[in-house]
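Q: Please take a close look at the ligand site in this model, together with the parts of the protein that belong to the same description. A connected account would be preferred to a list.

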Amino acid sequence: MNSRKVLVFGATGEIGGRIARDCVRAGHKVIGISRGKNSNEHVELEGVQMICGDKSDESFIRDTVAKLDYDAVINSVPNINDVELCSKYLKKAENVLFCSSTGTFVPLRYFPADENHPWREKTPVNFYQQCVRDARAIELWETEDFPVSILRPTNIIGPGRVPLELWGARDIAFFKKLKSGESISIAPCEHILLQSGYNDDLAGAFVKALDYPDEVRGEIFIISCRKAITLGTYLSTAMQFLNSKSEIRRVSPEELMKIYPEITWTNRLDFLLEHMCFDIGKAELIFGYVPRKTAEEGLADALEWCEKTGLL
Ligand SMILES: NC(=O)c1ccc[n+]([C@@H]2O[C@H](COP(=O)([O-])OP(=O)(O)OC[C@H]3O[C@@H](n4cnc5c(N)ncnc54)[C@H](OP(=O)(O)O)[C@@H]3O)[C@@H](O)[C@H]2O)c1
């Protein structure tokens, strides 16, 4: 493995912080960039040289970032503007790794979905802005050799954030009800497939990809744990961890939104009710990605973190 000089945009973020830290552990020289606004708890950034600035500010990218010493760029929270600025000013990078999402692929037309699955068209549930951004990045690779690689994590799980619940968001109230044994209503969703990637595994994928600069360029990779589970298994894992005796009531989505008015259909229940089941074989084959945790282990670790931090 060669030591590389890596810029990490979003290095104080939940995934971005893990990427920056793991790059340091792997022996890379790391410069982290953020605006310094993020007050969330983040991982230890010892060894990361931090620079404060806004990645959407063209003069900051042109006059400060472009003049740094680097050979790889990792952007944990890219947007379409970043694609343009990065391809214009950070041309000396051998690799530019973007964090995207498997939310670009939904609804899935086959299982497990792989990187050949359609994703460019707008659908009622996909993350279309991310599709537009990724399509532009790939176009720049094809026309101008923009050395991009797009890594698409599934739902993220593990210590550091409240896990997804069966109301389609990350509402700690769901898990509080389970813990206290209160009855709880859900839409009939226990047959739906979910695949959750462990945060440290996902961050590790970016670091591994740095070891294969030529192989990953211009490619899209799905990263997650190895196997999808049903939301039923996910719920029983949470109940077991919390020693919950809650009664689970199944109601229609319409009824559910009446019981809990904060639950919405768009961008929430509609997405939860989509199957998520992906093949991570390409990342395994091309850059030796090895996820170490299952979705159930990730959920248990996330709930343990919620308890330790007093959220739960
Ligand atoms: N949540 C999921 O289940 C899921 C699933 C698949 C993919 N993803 C993807 O995973 C990524 C999430 O990364 P994360 O967890 O590390 O995010 P995060 O915790 O929200 O952190 C965002 C980071 O970016 C920095 N940042 C934001 N805007 C900036 C700007 N204009 N200029 C410079 N820095 C800026 C923030 O710091 P400052 O605010 O201080 O600038 C912070 O360091 C996203 O790309 C998301 O699409 C998430």
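A: In this predicted model, a backbone N or O atom of Gly-36 lies 3.0 Å from an oxygen atom of the ligand. Arg-35 also takes part through its backbone, with an N or O atom placed 2.7 Å from a ligand oxygen. With Asp-54 the side chain is involved: one of its polar atoms lies 2.8 Å from a nitrogen atom of the ligand. The ligand taken alone exposes 940 Å², of which the protein buries 80%.

The shell around the ligand holds 28 residues, and those that come nearest are Thr-12, Ile-15, Arg-35, Lys-37 and Ser-76. Arg-35 therefore appears both among these nearest residues and in a backbone contact with a ligand oxygen. By residue class, the shell divides into 15 polar, 7 charged and 6 nonpolar residues. Among the secondary-structure elements, α1 (14-25) and β7 (155-157) each supply at least two residues of the shell. The largest share comes from α1, which gives 3 residues.

This contribution directs attention to α1 itself. Its 12 residues should span 16 Å at 1.5 Å a residue, and because its end C-alpha atoms are 17 Å apart, the expected and modelled lengths agree. The helix is mostly covered, with 10 of its 12 residues buried. These buried residues are Glu-14, Ile-15, Gly-16, Gly-17, Arg-18, Ile-19, Ala-20, Arg-21, Asp-22 and Cys-23. Ile-15 is thus a buried residue of α1 and also one of the residues that come nearest to the ligand. The cover over the buried residues of α1 includes the strands β1 (5-9), β2 (29-34), β3 (48-52), β4 (72-75) and β7, as well as the helix α6 (199-209). β7 accordingly has two roles, as part of that cover and as a supplier of shell residues. After α1 comes Gly-27, whose phi is positive, near 95°.

A further position to consider is Ser-87, which is placed in helix α3 (residues 80-89). Ser-87 counts as buried because its relative accessible area is 12%, under the 20% cut-off. Its side chain reaches the backbone oxygen of Val-83 at 2.9 Å. In an α-helix there are 3.6 residues a turn, so residues three or four places apart point the same way. Not counting residues up to four places away in sequence, Ser-87 touches Leu-140 and Phe-146.

Definitions and conventions
Residues are numbered from 1 along each chain as its sequence is written. This is a predicted model: local features need pLDDT of at least 70, side-chain atom pairs count only at pLDDT 80 or more; totals for chains, interfaces and linings use all residues. Side-chain values use heavy atoms; hydrogens and water are left out. Helices (H or I, at least four residues) and strands (E, at least two) are DSSP runs, numbered from the N terminus. Buried means under 20% relative accessible area, exposed over 50%, partly exposed in between (1.4 Å probe, protein chains only). A polar contact is a pair of N or O atoms within 3.5 Å; within protein, one must be able to donate a hydrogen and the other to accept it, and residues adjacent in sequence count only if both atoms are side-chain atoms. Contact means heavy atoms within 4.5 Å. A residue is near a molecule or strand if one of its heavy atoms lies within 4 Å of it. Accessible areas come from the Shrake-Rupley method with a 1.4 Å probe; for residues, only the protein chains shown count as cover. Ala, Val, Leu, Ile, Met, Phe, Trp, Tyr, Cys and Pro count as nonpolar, Asp, Glu, Lys and Arg as charged, and the others, Gly among them, as polar. The expected span of a helix is 1.5 Å times one less than its number of residues.
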